[in-house]
Structures are given as C-alpha cells and as structure tokens.
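Here is a short report on one protein chain. It starts with the whole fold and then turns to single residues.

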Amino acid sequence: SNEAWLHYLQGRHEWTLRTEEALTRSVTQFEAALRVDPQFALGYSGMADAYTVMGAYGFLSRTRAYTLAREAADRAVQFGPMLAEAHFSLGQAQKNQFDWEPAEASFRRGLELAPDSSQGHHWYSIYLTQRRRFDEAIREAQLAIDLDPTSLTPRTHLAAVLVLGRRYRDGITQWESCIELGANQINTFRGLSKAYLYV
C-alpha cells in the first residue's frame, strides 16, 4: 500500500543518516510499514539492515542486533523471494553470524535478481574482503562504483581493499581520488596515511 511504502521510504532515509537516533527512528518507520502490511518484504529488509548497522556501530549488542537482523531478513526472503534487497539483507545478516557459505549464496542470488545493484556488489565485496579473497573483492567494488559513480562509500572501500591486497600504490591513488571527490573524513586520511606506510 501507499502508506506502507511511505513509511518504508522514511525508514530508508533515516537509515542512511547512521546515527543512533536516526536508526531508532528507521526501525520505528519499518515497524509502522509492517503494521500496515504484515507481508511487506521491503519493510523486513529495511528492518534487517537497520539492526545490522546498529550492531556494527555498537548502538545495540552485536549478538542481539544480528539476531534481530537475521529474523527480519528471513521474513523478507519468505515474503519476497524474488526481491534482491531481501537476499542482500539476508547475506549481510548471515555474514555477521559467520554463516559464510549461506551468506555467499544469498549475495549471489541477490545479484542474479538485480545484477545492476551497486549496493549488492558493494556488500558482496565486503563479504569477499572478510574472506580475504581480495582480487574478487576489488572486482566487485569496481562494479559497484561503475554502477553508481556518485557514491563515495564503495570508493573508500575499494581503496581499503587495494591496500589489503598489497596493491599499495593503487590504494594511494584511490584514497587521493576519494579525497578529491569530497570524502574528507578522518578515516579517509587515516587510510591514506596507512597506505603510505607500506610503500
């Protein structure tokens, strides 16, 4: 319904802000969407992603956050088996519980359903990085950038993966590119300085 969709969009907006207060508001919006439509797969996907970030940022205990994320992601896939976002959310939740093989299957299924999803390729790249499969992670990160050239997040991730993959000069070039594009955060300069240490 339109009402559920509007709650979902507001929830996604709050989710992008990444503060504890905004993430709490995002969960409230996703819950409101699901009260309107209890089988709204995107609502469950959004809730899973909100809890994933809450756990990652330490706003909620990781055990609790990742359990809630997994429950919501399972419901997302149950109600939206052909929805790529549901599989991406499930992949994230599985990965964070170290359920590696099912997580990879979820990311791959999501990318089968939405091969042009920048976020899907970015999240799969993070998974591959954690598995130390750096060459594949670099390819996926580059795909994410190609699909959404305006997003800085996959660009900073690519810079970090290049350094982890011991391609230090490429990493420096990528970090410098991120700074030129406006990613003037402490972590960006920290990443660049670390890359210089290895050269």
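What percentage of the 199 residues in the protein chain is buried? Buried residues make up 49% of them. The model is a predicted one.

## Overall fold

The protein chain holds eleven helices and zero strands. Along the sequence the pattern is therefore written α-α-α-α-α-α-α-α-α-α-α. The radius of gyration is 17 Å, close to the 16 Å that the globule rule gives for 199 residues, so the chain is as compact as a globular protein of that length. Taken along the principal axes, the C-alpha atoms fill a box of roughly 55 × 35 × 30 Å.

Long-range pairs are well represented in the contact list. Of the contacts with a separation of 6 or more, 49% come from residues 24 or more positions apart.

The accessible surface comes to about 10300 Å². Carbon and sulfur atoms account for 51% of that surface. The chain carries 21 positive and 23 negative side chains. The centres of these two sets lie 6 Å apart.

## Acidic residues

Three acidic residues serve as examples here. Is Asp49 buried or exposed? Asp49 has a relative accessible area of 2%, under the 20% cut-off, so Asp49 counts as buried. Asp49 sits in helix α3, residues 41-56. The side chain of Asp49 makes a polar contact of 2.8 Å with the side chain of Ser89. Ser89 also appears among the residues that Asp49 touches, beside Arg12, Trp15 and Trp123, once residues up to four places away in sequence are set aside.

Glu104 belongs to helix α6, residues 100-113. With 14% relative accessibility, Glu104 is buried too. Which side chain does the side chain of Glu104 join through a polar contact of 3.3 Å? The partner is Tyr127. Not counting residues up to four places away in sequence, Glu104 touches Tyr124, Tyr127 and Arg133.

Asp116 lies in the loop between α6 and α7, where α7 spans 118-130. Asp116 is exposed: its relative accessible area of 62% is over the 50% cut-off. Asp116 and Trp100 are 16 residues apart along the chain, and their C-alpha atoms are separated by 23 Å.

## A buried alanine

Ala86 is in helix α5, residues 84-96. The relative accessible area of Ala86 is 0%, so this residue is buried. Which residues does Ala86 contact, leaving aside its neighbours within four places in sequence? They are Ser45, Ala73, Ala76, Val77 and Gly80. Ala86 and Gly110 are 24 residues apart along the chain, yet their C-alpha atoms are separated by 7.6 Å.

## Positive phi in loops

Two residues other than glycine have positive phi values, Arg18 and Phe98. Arg18 lies in the loop between α1 (2-17) and α2 (20-36). Phe98 lies in the loop between α5 and α6. Arg18 is partly exposed, whereas Phe98 is exposed.

| Residue | Phi | Relative accessible area |
|---|---|---|
| Arg18 | near 70° | 28% |
| Phe98 | near 60° | 60% |

## Recap

The chain is built from eleven helices and zero strands. Asp49 is buried and pairs with Ser89 through a polar side-chain contact. Glu104 is buried and pairs with Tyr127. Asp116, in the loop between α6 and α7, is exposed.

Definitions and conventions:
Residues numbered from 1 in each chain as written. Predicted model: local features only at pLDDT ≥ 70, side-chain atom pairs only at ≥ 80, totals over all residues. Heavy atoms only, no water. Helix = DSSP H or I, 4+ residues; strand = E, 2+ residues; numbered from the N terminus. Rg over C-alpha atoms; globule rule 2.2 N^0.38 Å. Buried < 20%, exposed > 50% of the residue type's maximum accessible area, 1.4 Å probe, protein only. Contact = heavy atoms within 4.5 Å. Areas by Shrake-Rupley, 256 points an atom, 1.4 Å probe, with all protein chains shown as cover. Lys, Arg positive; Asp, Glu negative; His and termini not counted. Charge placed at Lys NZ, Arg CZ, Asp CG, Glu CD. Polar contact = N/O pair within 3.5 Å; in protein donor to acceptor, adjacent residues only side chain to side chain.
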